[in-house]
Amino acid sequence: MLKQTVDYAFQASSCVSLQPKSKLHPESLKRVKENKNGHCTKVMRSVNMENLTSVYLFPEISRREYEHSQRYPNAKIIKLGIGDTSEPIPECIASAMAKQALALSTVEGYSGYGDEQGNKALRKRIAEKFYKNMGIKGEEVFVSDGAQCDISRLQMLLGSHVTVAVQDPSFPAYIDSSVIFGRARNLQGQNGKYDRIVYMKCTPNNDFFPDLSNTPRTDIIFFCSPNNPTGTAASAAQLRRLVDFATANGSIIVYDSSYAAYISDGSPTSIYQIPGAKQVAIEISSFSKFAGFTGVRLGWTVVPEELSYSNGFPIIKDYDRIVCTCFNGASNIVQAGGLACLSDEGFQAVSRVVNYYKENANILAEAFRGLGMVVYGGQNAPYLWVHFPGSSSWELFADILEKTHIVTIPGRGFGPGGESYIRVSSFGHRETILEASERLTSLRKLNFN
Ligand SMILES: Cc1ncc(COP(=O)(O)O)c(C=O)c1O
């Protein structure tokens, strides 16, 4: 019955895939041809860019969504794909930003460049609020325009000689930026893996935590918890093993805690809750999903003073140098918003919104379970990771879109370990989530009639 339900509900109609390119992508060949009669510079395309798949996952999802909307102009498309927040920013936070913006129009309130590392009060507040009793100081917090930009700035800091490991599946920016910085090459068509990147498989069989006894040493380990896309948070015992592994190997963990605000089962919200982590880990985080700042743009990176290179040189000094050279500080308006988020009133208000998204996740999880699917995530993250054993995730994505006008994300887009899964985002207005749930449920009803 389960199999029938799945087959009926999600019978694949067409096969689509985000094609890797081994040497030169057909798209770039086409452009070369098109440019023949026009002017070409004498600048060679970077080999690293040649190595990269032609498009980043999320714009590709948007493109397919747009194509679908052209084919079905009257369909009400429900977007549960790209993890973009939907609910308004609480008024006390928006008005703090408005006040700061207006102050810029006065002689007394005007300010120009701020500290590259961020407003001191905000750095201190982040340290107090998120790293209480973990010994993190405001001076170790670097405020930024978002975690995604920090991932690339860290890549710049670490250089192109380092080796890298990632969870498989994982947020695509870790691998893509590693390729851009020349650390990986030769995407293998069959297995969808880049040479020189270590993929640490995370599945329900290993409780979504890699088998470190089989993991080769790398210089850098990207680790995201709660993980995007699986929605699972690592436990204290698992993170203990990760920190021990990094310590024994002399590796650096780049720990992404962008979804820490969603943790509700007592799992660690920061790697620095694990004793000894300050010697081996950098932490990246964000106001995007915690406070609805996806468009406002604010994040931070913690580089502990204890963390050093093999020659003993403190990494924080180099990161400071990178931030001063390649950034110039986050917007002063946005930083005022960040401080407001961390006031008692602001924090309570954003926590309510986080809970709202988690209720959405419950509603969607029930709908998929009603179809007989096994659903992971949702409890500690705004994402569900839904398993369709034996199916192609790009086919599932296309089929769900075709039959329900609901956009999801094919798990394969997050790495080979995402095959046969789809990621479903719980960001959205409640009525939209309820409608999505109804559409999914109606697939089952059709089957039972
Ligand atoms: C795991 C993870 N890290 C980083 C980011 C980027 O966050 P930001 O909006 O702060 O750039 C995202 C965005 O979806 C994410 O899922």
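Two residues count as in contact if their C-beta atoms, placed from the backbone, lie within 7 Å. That is the cut-off to keep in mind for the helix packing in these views, all taken from a predicted model.

**View 1. Helix H13 lies across a four-stranded sheet.** Start with the helix: H13 covers residues 344–370 and lies across E11, E12 and strand E15 (421–425). Its direction runs at about 10° to that of E12. The sheet underneath is open, its four strands come in the order E11-E12-E15-E14, and the pairing is antiparallel. Strand E11 (374–377) and strand E14 (409–410) sit at the edges with a single partner strand each, so one side of each has no neighbour in the sheet.

**View 2. Going in on the pairing of E11 with E12.** Here E11 meets strand E12 (residues 383–387), and the two run antiparallel, joined by four bridges. To find your way, look for valine 374: its bridge partner in E12 is histidine 387.

**View 3. A seven-stranded mixed sheet.** This one is also an open sheet, and reading across you pass E2-E10-E9-E8-E7-E3-E6. Strand E2 (141–144) and strand E6 (197–201) are the edge strands; each has a single partner strand, so one side of each is left without a neighbour in the sheet. On average, neighbouring strands of this sheet are turned by 20° against each other, direction ignored.

**View 4. Strands E8 and E9, with helix H6 packed on their sheet.** Strand E8 (residues 252–256) and strand E9 (residues 281–286) run parallel and are joined by four bridges. One pair to pick out is tyrosine 255 with its bridge partner in E9, glutamate 283. Helix H6 (residues 120–130) packs on the sheet, where it touches E2 and strand E10 (299–302). The direction of H6 makes about 115° with that of E2.

**View 5. Helices H5 and H12 cross.** The axes of H5 (residues 91–103) and H12 (residues 332–341) come within 8 Å and cross at roughly 145°. The crossing is right-handed. On the H5 side, the contact is made by Cys92, Ile93, Ala96, Met97, Gln100 and Ala101; on the H12 side, residues including Ile333, Val334, Leu339 and Cys341 take part. By class, this contact has 11 nonpolar, three polar and no charged residues.

**View 6. The shell around the ligand.** Thirteen residues surround the ligand, and the closest are Gly146, Ala147, Gln148, Ser286 and Ser288. Sorted by class, the shell splits into nine polar residues, three nonpolar and one charged.

Conventions. Residues are numbered from 1 along each chain as its sequence is written. This is a predicted model: local features need pLDDT of at least 70, side-chain atom pairs count only at pLDDT 80 or more; totals for chains, interfaces and linings use all residues. A residue is near a molecule or strand if its C-beta atom, placed from the backbone, lies within 6 Å of it. Ala, Val, Leu, Ile, Met, Phe, Trp, Tyr, Cys and Pro count as nonpolar, Asp, Glu, Lys and Arg as charged, and the others, Gly among them, as polar. Two strands pair if DSSP finds at least two bridges between them. Axes are lines fitted to C-alpha atoms, for helices over the stretch in contact, and angles run from 0 to 180 degrees between N-to-C directions. A crossing is left-handed if the near helix is turned anticlockwise from the far one by less than a right angle, and right-handed if clockwise.
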